[in-house]
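Please load the coordinates in your viewer, switch on a ribbon with side chains available on demand, and keep the selection panel at hand. The stops below can be followed in order.

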Amino acid sequence: MRLSVFASQEMKNILLKNGQIYINDQLVENDLLISDSKIKKIRKNISIEGDEETIDCTGLQIFPGGIDPHVHLHLPTPAGFSADDFETGSRASIAGGTTSFIDFVTPLCGQSILDALYLRKQEAKKSLCDVKLHVSPVEWTNHTEKEIIHCIHNEGIKSFKVYMAYQSTIGLNDEDIFKVMKVIGKYGGIVTIHCEVDEIIEKYRQQLLSEGKISPRYHPLSRPNFVEADAVKKAIELAKHAECPIYIVHVSTHEALDHIHGAQSKGQPVYAETCPQYLLLEENLYDQPFDQACRYVMSPPLRKKEDREALWQAIADGIIQTVGTDHCPFTLEQKRLGKNDFTKIPNGAGGVEHRMSLLYTHGVLQNRISLQEFIEITSTNAARIFGWYPKKGIIQKGSDADLVVWDPKARQRISAKSHHQNCDLNIYEGFDVQGLPKYTIVNVTLMTRI
Ligand code: URP
Ligand code: ZN
């Protein structure tokens, strides 16, 4: 049975008293008044004006609400939809202190980008917190350029996503990626990009299956490090010639980081994201019976210790700007569709609920990253890159009241039995975390951990 650990209440004004508030890169004890979904005042001794709910935040820290730049809610796949929809996924996200996220618009081949965008906006209305959408051109047609420009000028879309992988469905070839980058660069957008060389993956997959190698163990062998690194190198080249900023999603290898660092050092606008799973989990998890190993099948796959360490270092060095989750959970029943063929296991895993507590526990408390870096990678940088700043990603007068009141001492053992994600699997099952939201405030709604 799932435990409901959050109660929510709608209120017009909220006064947070005596919290350690993260302002100007440090924690300072202050009061914070929220009125009509915005931060109205931050200073000591704000007096009660009347109808506000007062919350004692002594011993608690107040951060800008988390922003997860990479989630896939209710994603259609051959194995059915990913297990969280906008309602359940946003509830899980809020439970973990993430108050906004960015999902995707992935049109079907032949479908107009704008039709797909309008349908996805409808679905996103179920979300309990603010949502943005990255739009994916999945083919280059006579309408693509016009539709991209329309998205930028009329629909508030700044970011797009292209896939070098998945060529048989949503992937684009290099020539079309270049065309997409050229128009998005010209009109001031940014291209986010999934970097894996599809031809190599397909060749390895066919070879492994023909040798009877069907178990999840072979998933990482079909996508070795250079599959990502070569694609990252190519993406950087294409973006340079197209004069388009790029954001490389879910970076998992130390070789890819070398290419990214090289481009950044030359002043090219290249941003990088990694995910908690690549920072915390390793390839040996595939060496288990199917029902255990299948839950880690995601693309790119889990890597080795040297990659994990390089990723942590890259955050501390500012090479990686954000940590998204690539939240895309599938149930055990869905994963079992690949029991006799690892290429049929739906790719992806959940994590939107745990991103902040995992990064706090394994980053801040283990001195891998500072508190400032924690705030930047969980919130501020995504807000800046994707056009939400300073409405979100910072605590200042006038910004949205998307806040997390953090209890740095609270502990939890992560489990699928108690999480809010709508899935019977959790890739962090049994992980102990310290540092959790006591309250999450989303506009006028206050969620309390009880
Ligand atoms: O394995 C993954 N990452 N699944 C989600 C879809 C994608 O490739 O981003
Ligand atoms: Zn993804």
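What follows is a tour of helix packing, empty space and backbone details in a predicted model.

**Stop 1: helix 4 and helix 7**

Select residues 174-186, which form helix 4, together with residues 225-242, which form helix 7, and look at how the two pack, with an angle of about 45° and axes 9 Å apart. Because an angle that is neither under 35 degrees nor within 65 to 115 degrees, and not over 145, counts as oblique, helix 4 is oblique to helix 7. The crossing of helix 4 past helix 7 is right-handed. To see the contact itself, show Asp 174, Ile 177, Phe 178, Met 181 and Lys 182 on helix 4, and Lys 234, Ala 235, Leu 238, Ala 239, His 241 and Ala 242 on helix 7. Coloured by class, the residues of this contact come out as seven nonpolar, one polar and three charged.

**Stop 2: from helix 7 to helix 8**

Keep helix 7 and add residues 254-265, helix 8, which packs with helix 7 at an angle of about 15° and with the axes 7 Å apart. Helix 7 and helix 8 are therefore roughly parallel to each other, and helix 7 passes helix 8 in a crossing that is again right-handed. On the helix 7 side, select Asn 225, Glu 228, Ala 229, Val 232, Lys 233 and Ile 236, which meet His 254, Glu 255, Ala 256, His 259, Ile 260 and Ala 263 of helix 8. The contact of helix 7 with helix 8 has six nonpolar, three polar and three charged residues.

**Stop 3: from helix 8 to helix 11**

Now keep helix 8 and bring in helix 11, residues 305-316; their packing angle is about 30°, and their axes lie 9 Å apart. Helix 8 is, on this basis, roughly parallel to helix 11. Here His 254, Glu 255 and Leu 257 of helix 8 make the contact with Glu 306, Asp 307, Ala 310, Leu 311 and Ala 314 of helix 11, a set that divides into four nonpolar, one polar and three charged residues.

**Stop 4: the largest pocket**

Which residues should be selected to find the centre of the largest pocket? Of the 48 residues that line it, Pro 76, Thr 77, Pro 78, Thr 169 and Ile 170 are the closest to the centre, and the volume of this pocket is about 1,300 Å³. Elements that each supply at least two lining residues include strand 10 (98-105), helix 2 (113-124) and helix 5 (198-210). The lining has 23 nonpolar, 15 polar and 10 charged residues.

**Stop 5: the largest cavity**

Four cavities of 30 Å³ or more are counted, and the largest cavity has a volume of about 80 Å³. Among the residues that line the largest cavity, select Arg 295, Phe 330, Lys 335, Gln 421, Cys 423 and Asn 426; by class, the whole lining has six nonpolar, four polar and two charged residues.

**Stop 6: backbone details**

Most peptide bonds are trans, and most residues other than glycine have a negative phi. Zoom first to Ser 299 and Pro 300, which are joined by a cis peptide bond with omega about -5°; Pro 300 is in the loop between helix 10 (290-293) and helix 11. Go on to Tyr 389 and Pro 390, where a cis peptide bond has omega about 0°, in the case of Pro 390 within the loop between helix 14 (371-385) and strand 17 (402-413). End at Asn 18 in strand 2, residues 13-23, where phi is near 60°, a positive value in a residue other than glycine.

Technical notes: Residues are numbered from 1 along each chain as its sequence is written. Chains are lettered from A and ligands numbered from 1 in the order in which they are written. This is a predicted model: local features need pLDDT of at least 70, side-chain atom pairs count only at pLDDT 80 or more; totals for chains, interfaces and linings use all residues. Side-chain values use heavy atoms; hydrogens and water are left out. Axes are lines fitted to C-alpha atoms, for helices over the stretch in contact, and angles run from 0 to 180 degrees between N-to-C directions. Helices (H or I, at least four residues) and strands (E, at least two) are DSSP runs, numbered from the N terminus. A crossing is left-handed if the near helix is turned anticlockwise from the far one by less than a right angle, and right-handed if clockwise. Contact means heavy atoms within 4.5 Å. Ala, Val, Leu, Ile, Met, Phe, Trp, Tyr, Cys and Pro count as nonpolar, Asp, Glu, Lys and Arg as charged, and the others, Gly among them, as polar. On a 1 Å grid over the protein atoms alone, a cavity is a set of points where a 1.4 Å probe fits but cannot get out, and a pocket is an open set with protein on both sides within 12 Å along at least five of seven lines; lining residues have an atom within 4 Å of a point. Grid points are joined across faces, edges and corners, and a volume is the space filled by probe spheres set on the points.
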